[in-house]
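This report concerns charged side chains and one helix. Please look over the sequence and the structure before reading on.

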Amino acid sequence: VKKLAFDTVSIKPIEKPDFPYFDAAQPQATPDGYRSIPQQSLWATIMLAYYETSGSPLYWRKSMLSGAPPWLMKNQYAIDARIAPEDLGAWQKPDPDRSMLRSALQQMLKERCKLVLHRTTTVQPVYVLEIKQGAKLKLREADPDEVLPEGVEHMAYDGGLKELKDLDRSSVGFYKMSMNYLKSFLTAFGADRPVIDMTGLKARYDFVLPRLPREEDGPVGAFPWDLESIGLTLKPIKAPLETLVIDHIEEPSPN
């Protein structure tokens, strides 16, 4: 994939952000560049630029970036970056892993924030998402041409989600979802450590994930999802995870 840099970049600080500390970073590569929606910390921008396998912001943890000054996560910006007209053809070609976007964001951060960082690896507690031995998978491979059901919330990275409720317990319906997104979902909504996908399942699937019954005297923050009901399980292990370390960064230069 050809490496491109943005031709023009606008990074405007937001004096009174609507959502303090909110990271709205999404891979919003537009036909002519990149837009933050609607505001974004530079912490989130760095995560988006350098973590190619994170799947989504749901997977991001503070421990994945060290050496960050306090303003990096607190201050919010509106980012509007454009590709040069002569590079639009290359920019608009399919780029499933977003490597072209990440490369352009990295160059932007180096030029406007004087960012210098390095990568290191640390052994951390994680969960491995895997197929439960002897279990029957309750996942239906999704039809890529099938329209999402009514009421499903479309996600930026994958298919969609929908809250489901019946007389017994509530569940979440997943539509056209990858295991990469599921591990991010579990990391953000229930797991007390990052989740790594080791299922080997590469397609997109439709499935319903029930919530576990809440026990009145159960521990606060207990894992809420009945993974075994769909044939999956989490196994706690320790594994080497990549960490970014900031050596130098400055607040973005004025436009």
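The text below describes salt bridges and then a helix in this predicted model.

**Salt bridges**

Side chains of opposite charge can pair when their charged atoms come close. In this model, the count of salt bridges comes to 10. Three of the pairs are set out in the table.

| Salt bridge | N to O distance |
|---|---|
| Asp80 and Arg82 | 2.8 Å |
| Glu228 and Lys132 | 3.7 Å |
| Arg193 and Asp192 | 3.7 Å |

How exposed are the partners in the pair of Asp80 and Arg82? Asp80 has a relative accessibility of 25% and therefore counts as partly exposed. Arg82, at 31% relative accessibility, is also classed as partly exposed. These two residues belong to a network of salt bridges that links Asp32, Arg35, Asp80 and Arg82.

The salt bridge between Glu228 and Lys132 links distant parts of the chain, with the two positions 96 residues apart in numbering. Glu228 lies in the loop between strand S12 (205-210) and strand S13 (232-248), while Lys132 lies in the loop between strand S6 (116-131) and strand S7 (140-141). Glu228 is partly exposed because its relative accessibility is 46%, which falls below the cut-off of over 50% for exposed residues. Lys132 is likewise partly exposed, at 31%.

Arg193 and Asp192 also meet through their side chains in a salt bridge. Arg193 has a relative accessible area of 21% and is partly exposed. Asp192, at 56% relative accessibility, counts as exposed.

**Helix H4**

Helix H4 covers residues 99-113, which gives 15 residues. The helix reaches 20 Å from its first C-alpha to its last, close to the 21 Å expected at 1.5 Å a residue.

Is H4 mostly covered or mostly open? The helix is mostly covered, as 12 of its 15 residues are buried. Among these buried residues are Met100, Leu101, Ala104, Leu105, Met108 and Leu109. The buried set also includes Arg102 and Arg112.

Which elements do the buried residues of H4 pack against? Their partners include the strands S1 (8-13), S2 (29-30), S3 (33-35) and S5 (77-82). Two helices, H1 (42-50) and H3 (88-91), are packed against these buried residues as well.

After H4 comes Lys114, and the phi of this residue is positive, near 55 degrees.

Definitions and conventions:
Residues numbered from 1 in each chain as written. Predicted model: local features only at pLDDT ≥ 70, side-chain atom pairs only at ≥ 80, totals over all residues. Heavy atoms only, no water. Salt bridge = Lys/Arg side-chain N within 4 Å of Asp/Glu carboxyl O. Buried < 20%, exposed > 50% of the residue type's maximum accessible area, 1.4 Å probe, protein only. Helix = DSSP H or I, 4+ residues; strand = E, 2+ residues; numbered from the N terminus. Expected span 1.5 Å × (residues − 1). Contact = heavy atoms within 4.5 Å.
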